[in-house]
Structure formats: structure tokens, C-alpha cells
Amino acid sequence: TVFYLGHKNVAPSVCVASAGLNDAAINPPISDELYLQNLDKYLGLLQRTCDYVIWISLHAVVESEGVVQSNCRLYQWHNASMGLLSKRDYENVYIIDIWDKSFHTDFYDPTTIGQKFYASFARLFKLLMAGPDLSTSH
């Protein structure tokens with residue numbers, strides 16, 4: 001999933017992206033290596049398209065009947081993706097690691113974090129897009 005933040009008719013200045021949750025539901029499962037290759041290519045494309053990329057890490061799911069993703073697998077991918085991002089040291093890619101926090105938040109359904117959690121991101125991105133208020137008058 002990618003959200004483009006910017007102004008109309010202008011190349012996106014900020015892309016907010018995350019991937020892997022649906023990949024973890026593929027049967028037969030894709031390998032860890034293939035997931036990392038796909039992630040590397042995905043980030044490379046975003047890096048060339050956007051001035052800045054904000055990568056939101058994988059999050060936990062509520063494991064229950066009918067949920068094919070497992071937190072064990074997601075955690076392996078989470079750690080591997082954090083390692084890849086650190087190793088590649090992409091010039092304009094920034095990470096928001098939500099793994100730990102995702103265990104202590106509300107969920108819309110077993111695999112989708114609730115609206116309140118994402119509302120906090122919206123506030124953050126709004127502030128980032130507006131830039132700091134550097135005026136001297138208060």
C-alpha cells in the first residue's frame with residue numbers, strides 16, 4: 001500500500017508505504033528471500049519516485065480462526081526488513097517501527113489496525129507536510 005502526500009499536478013513529495021501483511025497470506029508461502037527481494041525492489045522504485053519515503057513496518061495481527069498470517073512469520077519478516085533497510089541505508093527512506101506498539105492497540109478486524117492508531121499517523125504527516133512554524137511572533 002502506498003499513500004502519496006503532495007500537491008496536485010506535482011510529483012509526490014512524500015510516499016508512505018507498507019507491505020508484507022498480504023504476502024504472508026499467500027499459500028504456498030513465499031520464501032523470506034523472495035519477500036526481501038520484492039521489498040528491496042519496491043523501495044528502490046519508491047525512492048526514485050518520491051522525494052521522501054516513510055516506511056511503516058509490519059505489524060502484529062490478532063491470531064484467530066480464519067487468519068492465515070502468523071505473528072511468528074510476520075516477526076521474522078519484520079526483523080529481516082529492518083535489517084535490509086539498515087544495510088541498504090536508503091538516502092531518503094525513513095522508518096516508523098510499529099511492531100511493538102501494534103500489540104497494544106485496537107484492531108478493526110484481526111489483520112487491520114484500528115482507526116485511532118492511523119489517526120495518529122495522519123496528524124504526524126499533516127505536521128510534516130506543513131513544516132515547522134518558525135515565526136518569531138506568537
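This passage walks through the overall fold of a predicted protein model and then looks at one of its helices, H2.

The protein contains three helices and six strands. Followed along the sequence, these elements appear in the pattern β-β-α-β-α-β-β-β-α. Of its 138 residues, 35% count as buried. The chain also brings together residues from distant parts of the sequence: among contacts between residues at least 6 apart, 67% join residues at least 24 apart. On the outside, the protein exposes about 9,000 Å², and carbon and sulfur atoms supply 55% of that area.

Helix H2 is a helpful place to pause. This helix runs over residues 71-88, which makes 18 residues. From its first C-alpha to its last, H2 reaches 25 Å, close to the 26 Å expected at 1.5 Å a residue. Its buried residues are Asn71, Arg73, Leu74, Trp77, His78, Ser81, Met82, Leu84 and Leu85. Written out like this, they may look scattered, but the view down the helix axis helps: the buried residues of H2 fall within an arc of 165°, so they line one face of the helix. Cys72, Ser86 and Lys87, on the other side of H2, are exposed. What does the buried face meet? The buried residues of H2 pack against helix H1 (32-49), strand E3 (52-56) and strand E4 (93-96). Just after the helix comes Asp89, which takes a positive phi of about 50°.

The next topic is the protein's interior. The largest nonpolar core has 24 residues. Those with the most contacts inside this core are Tyr35, Leu43, Trp55, Leu74, Leu85 and Val93. Strand E2 (14-17), H1, E3 and H2 are the elements that give two or more residues to the core. Which of them gives the most? The answer is H2, with five residues.

Leu74 links these two parts of the story, as a buried residue of H2 and as one of the residues with the most contacts inside the largest core. Even with its neighbours within four places in sequence left aside, Leu74 is in contact with Gly20, Leu21, Ala24, Leu58, His59, Val61, Gln69 and Trp99. The protein also has a second, separate core of ten residues, which includes Ile56, Ile96, Phe117 and Phe121.

Methods: Residues numbered from 1 in each chain as written. Predicted model: local features only at pLDDT ≥ 70, side-chain atom pairs only at ≥ 80, totals over all residues. Heavy atoms only, no water. Helix = DSSP H or I, 4+ residues; strand = E, 2+ residues; numbered from the N terminus. Expected span 1.5 Å × (residues − 1). Buried < 20%, exposed > 50% of the residue type's maximum accessible area, 1.4 Å probe, protein only. Arc of directions from axis to C-beta. Contact = heavy atoms within 4.5 Å. Core = buried A, V, L, I, M, F, W, Y, C linked by side-chain atoms within 4.5 Å. Areas by Shrake-Rupley, 256 points an atom, 1.4 Å probe, with all protein chains shown as cover.
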